[in-house]
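Me: I'd like to learn how to read the metal sites and the packed interior of a protein model. Could you walk me through one?

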Amino acid sequence: MNERVSEESLELRKREFDEFEGFKTLESFISAEQHLHPRSRGFFADILRRIGVASKIIGSRVQRAGLTNVLGKAGRVNIQGEQQMKLDVMSNELLMNTLQWLPAVAGMASEEEEGVMRLPPHPDEHDTYVIMFDPLDGSSNIDANVSIGTIFSIHRRVTKWGACEEVDFLQPGRRLLAAGYVIYGSSTMFVYSTGNGVHGFTLDPEVGEYVLSHPDMRIPDQCRCFSANETNYKHWDEPTKRFADHIRFGSDPHYEKTSSRYIGSMVADFHRNLLYGGVFLYPADKKHPTGKLRLLFECAPLAWLAEQAGGAATTGRQDILDIQPEKLHQRCPIVIGNSREVDLYRQMVADHDQGN
Ligand code: AHG
Ligand code: MN
Ligand code: MN
């Protein structure tokens with residue numbers, strides 16, 4: 001078949017899919033997106049589907065947690081020095097086990113594991129991928145029935161031969177091929193982007209399938225939510241205090257309708273702000289001199305989604321997506337959400353750095 005004709009017809013089929021107004025499942029959406037990549041053999045799409053399957057299992061375990069004795073601590077600490085919850089361990093094992101058998105997965109890294117999992121290279125596969133995840137974000141909220149989530153991201157590996165290396169994971173967020181999260185809340189939602197906008201799917205528990213409920217999500221212009229652990233205020237630097245004061249106590253009419261909203265699960269705070277408009281911050285402070293949240297497992301994937309939805313994410317001095325990671329478990333300060341507020345923060349940091 002003439003290659004150009006075939007590419008055109010594939011794009012046409014994708015357009016037909018977009019215009020179709022009926023029931024669209026995550027499964028069919030992923031297949032339709034594959035039509036944007038005519039040479040794709042579907043291995044990348046398989047990874048997304050498989051994350052969807054794993055997340056349904058995690059979601060069902062989370063829902064039944066109080067009945068099946070999986071609430072509480074696992075009795076050990078992870079590489080971050082944080083207490084692992086039983087559900088952290090379970091979600092981590094589930095994702096690792098579900099994804100490792102795919103031929104195009106060269107390796108995985110998780111917030112809960114010290115090193116990377118290197119998988120034997122598939123002899124016929126040249127295009128292989130590495131996957132990173134925070135298996136359960138906000139896990140300190142588990143026992144209180146508060147929304148938690150799973151965050152994932154996918155890079156194409158950069159090394160060519162043999163087992164993958166750590167360098168395959170240490171890529172700036174700008175190079176991501178896909179990122180997303182699943183939120184286990186009043187309903188379970190799968191939200192992701194492959195660089196063509198952000199799309200949200202709600203799990204229909206009767207059918208057991210994610211259904212497109214939020215196509216092309218855009219962060220609203222109005223900053224309705226200010227989200228930070230405000231008890232850290234005393235540890236923040238001057239520009240961060242100035243930024244918070246401007247939004248919370250200033251006379252700028254733009255913030256008349258802004259409220260403080262903080263869940264303590266980044267994924268849930270981000271999701272709410274994506275829907276309502278808002279800014280979330282976890283800056284560097286005296287207790288966390290390089291920030292608290294993890295660049296590769298939390299910040300870069302959500303920064304990628306924020307930009308795809310018309311928002312932005314910065315440390316104050318650098319876009320999150322431009323940071324060249326040096327270590328797998330590196331932390332970074334983050335201010336993420338509406339572009340206007342992220343710009344304001346950047347400006348306040350720059351003014352401070354210039355001595356103003
Ligand atoms: P995790 O449960 O994956 O360790 O992440 C917890 C993170 C993040 O989800 C949240 O925004 C932040 O920790 C909350 O930190 P504070 O309790 O310091 O506010
Ligand atoms: Mn987390
Ligand atoms: Mn976690």
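Me: How are the donor residues of the manganese ion (ligand 3) spaced in sequence?

Reply: Donors are N, O and S atoms within 2.8 Å of the metal (3.2 Å for Na, K and Ca), and water is not among the atoms, so sites may look incomplete. Here the donor residues follow E-x22-D-x1-L. They are E111 (OE), D134 (OD) and L136 (O), lying 2.2 to 2.4 Å from the ion. E111 sits in the loop between strand 3 (105-110) and strand 4 (117-118), while D134 is in strand 5, 23 residues apart, and the pair links distant parts of the chain. Strands (E, at least two residues) and helices (H or I, at least four) are DSSP runs, numbered from the N terminus.

Me: Before we go on, what sort of model is this?

Reply: It's a predicted model, where local features need pLDDT of at least 70 and side-chain atom pairs count only at pLDDT 80 or more, while totals for chains, interfaces and linings use all residues. Residues are numbered from 1 along each chain as its sequence is written, chains are lettered from A and ligands numbered from 1 in the order in which they are written, and side-chain values use heavy atoms, with hydrogens and water left out.

Me: Are E111 and D134 buried or exposed?

Reply: Buried means under 20% relative accessible area, exposed over 50%, and partly exposed in between (1.4 Å probe, protein chains only). Both E111 and D134 are buried.

Me: Which residue coordinates both manganese ions?

Reply: That's D134, and the manganese ions (ligand 2 and ligand 3) are 3.7 Å apart. For ligand 2, the protein donors are D134 (OD), D137 (OD) and E298 (OE), at 1.8 to 2.1 Å, with the spacing D-x2-D-x160-E along the chain. D137 lies in strand 5 (residues 129-137) and E298 in helix 7 (residues 295-308), so this pair ties together parts 161 residues apart in sequence. D137 and E298 are buried too.

Me: Now the interior: how many residues does the largest nonpolar core have?

Reply: In soluble globular proteins, nonpolar side chains tend to be buried together. A nonpolar core is a set of buried Ala, Val, Leu, Ile, Met, Phe, Trp, Tyr and Cys residues joined through side-chain atoms within 4.5 Å. The largest one here has 42 residues, and I47, L99, I131, I154, F190 and Y192 have the most contacts inside it. Helix 3 (residues 43-63) gives the most to this core, with eight residues. A second, separate core of 34 residues includes V267, F280, A303 and I323.
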